[in-house]
Amino acid sequence: MMRLRDNQSGQSLIELIVSIAVITIGLFSVWFLFLVNFNAVKESEMRIVAANLAREGVEITKNIRDSNWLRMARNIPDETYLWLWDRGLGDGVYTVDYKGGLSEVTANQSGKLFYDADGYYSAQVSDDTSFFSRLITLTSICCNDNNPEDLKCDDTTYSSPADDGGCPNNTLKIGININSRVIWTYSGQPRQLTVEDQLFNWR
């Protein structure tokens with residue numbers, strides 16, 4: 001009788017250990033699925049923000065071109081020359097801000113975005129740093145123009161910009177290529193998203 005009780009006691013202990021192991025595995029599986037789902041939602045959220053920031057960079061650049069057109073239509077002169085459609089949109093790398101427009105990037109800038117007093121993303125430096133950086137790269141779109149007086153392309157052949165930016169001789173600047181790139185880091189891994197568009201002086 002004593003030997004039988006020992007066997008039953010041993011079986012109960014084994015059953016208890018197996019039960020604990022099954023429950024533990026189940027709990028870890030649920031926790032793992034929760035973490036995976038949380039990370040996926042967070043990364044998706046950050047990607048949506050990045051896409052909107054990249055699109056905003058393109059829209060701010062378009063707004064500068066459109067504002068130039070409005071000034072040209074009203075014939076508002078500058079101190080030295082009439083307003084041009086591409087004023088402020090020369091070849092280069094820029095930071096962009098919904099309040100301040102484009103600013104050329106200096107050697108020590110990374111395009112870091114901050115939160116302003118209203119909670120919006122801004123290129124103006126503050127103590128409240130965001131996860132994101134944004135850089136706008138503008139490149140001239142040039143076409144052959146052997147008769148500069150007519151301000152028309154000779155054909156459908158396009159030229160590359162000059163090494164120092166702008167269009168080379170015997171070419172006409174007809175547009176601007178916009179590359180709006182947003183960079184951020186999540187879970188220690190770098191991420192980036194780019195939106196490209198082209199602006200043309202079609203007026």
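Me: Which residue of β5 stands opposite Gly 92?

Reply: This is a predicted model, in which local features need pLDDT of at least 70 and side-chain atom pairs count only at pLDDT 80 or more, while totals for chains, interfaces and linings use all residues. Residues are numbered from 1 along each chain as its sequence is written, and side-chain values use heavy atoms, leaving out hydrogens and water. Strand β1 covers residues 92-97 and runs antiparallel to β5, joined to it by three bridges (two strands pair if DSSP finds at least two bridges between them). Opposite Gly 92 in β5 stands Leu 138.

Me: In what order do the elements run from the N terminus?

Reply: Helices (H or I, at least four residues) and strands (E, at least two) are DSSP runs, numbered from the N terminus. The protein has one helix and eight strands. Read from the N terminus, the order is α-β-β-β-β-β-β-β-β.

Me: How many bridges join β5 to β7?

Reply: Strand β5 also pairs with β3 (residues 112-115), antiparallel, through two bridges; there, Phe 114 stands opposite Thr 129. With β7, β5 again runs antiparallel, and Ser 133 stands opposite Ile 183. The number of bridges between β5 and β7 is 12.

Me: Is Ser 133 buried or exposed?

Reply: Ser 133 lies in strand β5. Contacts are heavy atoms within 4.5 Å, and beyond four places in sequence Ser 133 touches Ser 110, Gly 111, Lys 112, Leu 113, Arg 181, Val 182 and Ile 183. Buried is under 20% relative accessible area, exposed is over 50%, and partly exposed is in between (1.4 Å probe, protein chains only). At 10% relative accessibility, Ser 133 is therefore buried.

Me: Which residue offers a backbone oxygen 3.1 Å from a polar atom of the side chain of Lys 112?

Reply: Lys 112 is found in strand β3 and is partly exposed at a relative accessible area of 27%. Phe 132 is 20 residues away from Lys 112 in sequence, with 6.2 Å between their C-alpha atoms. The residues that Lys 112 touches, beyond four places in sequence, include Ser 130 and Phe 132. A polar contact is a pair of N or O atoms within 3.5 Å (within protein, one must be able to donate a hydrogen and the other to accept it, and residues adjacent in sequence count only if both are side-chain atoms); here the backbone oxygen belongs to Ser 130.

Me: How far is the backbone oxygen of Arg 87 from a polar atom of the side chain of Asn 68?

Reply: Asn 68 is placed in helix α1, which covers residues 2-73, and is buried at a relative accessible area of 3%. Leaving aside neighbours within four places in sequence, its contacts are Trp 83, Leu 84, Trp 85, Asp 86 and Arg 87. Between the backbone oxygen of Arg 87 and the polar side-chain atom of Asn 68, the distance is 3.0 Å.

Me: Why does the disulfide of Cys 142 and Cys 167 count as left-handed?

Reply: The structure holds one disulfide (cysteine sulfur atoms within 2.5 Å), with the sulfur atoms of Cys 142 and Cys 167 2.1 Å apart. Cys 142 lies in β5 and Cys 167 in the loop between β6 and β7, so the pair ties together parts 25 residues apart in sequence. Cys 142 is buried at 0% relative accessibility, whereas Cys 167 is partly exposed at 25%. The disulfide is left-handed because the torsion about its S-S bond is about -90°.

Me: Which residue meets Arg 134 in a salt bridge?

Reply: A salt bridge is a side-chain nitrogen of Lys or Arg within 4 Å of a carboxyl oxygen of Asp or Glu, and the structure holds seven. Arg 134 is buried, with a relative accessible area of 1%. The N to O distance in its salt bridge is 2.7 Å, and the partner is Glu 56.

Me: How many residues apart are Glu 43 and Arg 191?

Reply: The side chains of Glu 43 and Arg 191 meet in a salt bridge at 2.4 Å, N to O. Glu 43 lies in helix α1 and Arg 191 in strand β8, so this pair links distant parts of the chain; Glu 43 is partly exposed at 22% relative accessibility. Along the chain, the two are apart by 148 residues.
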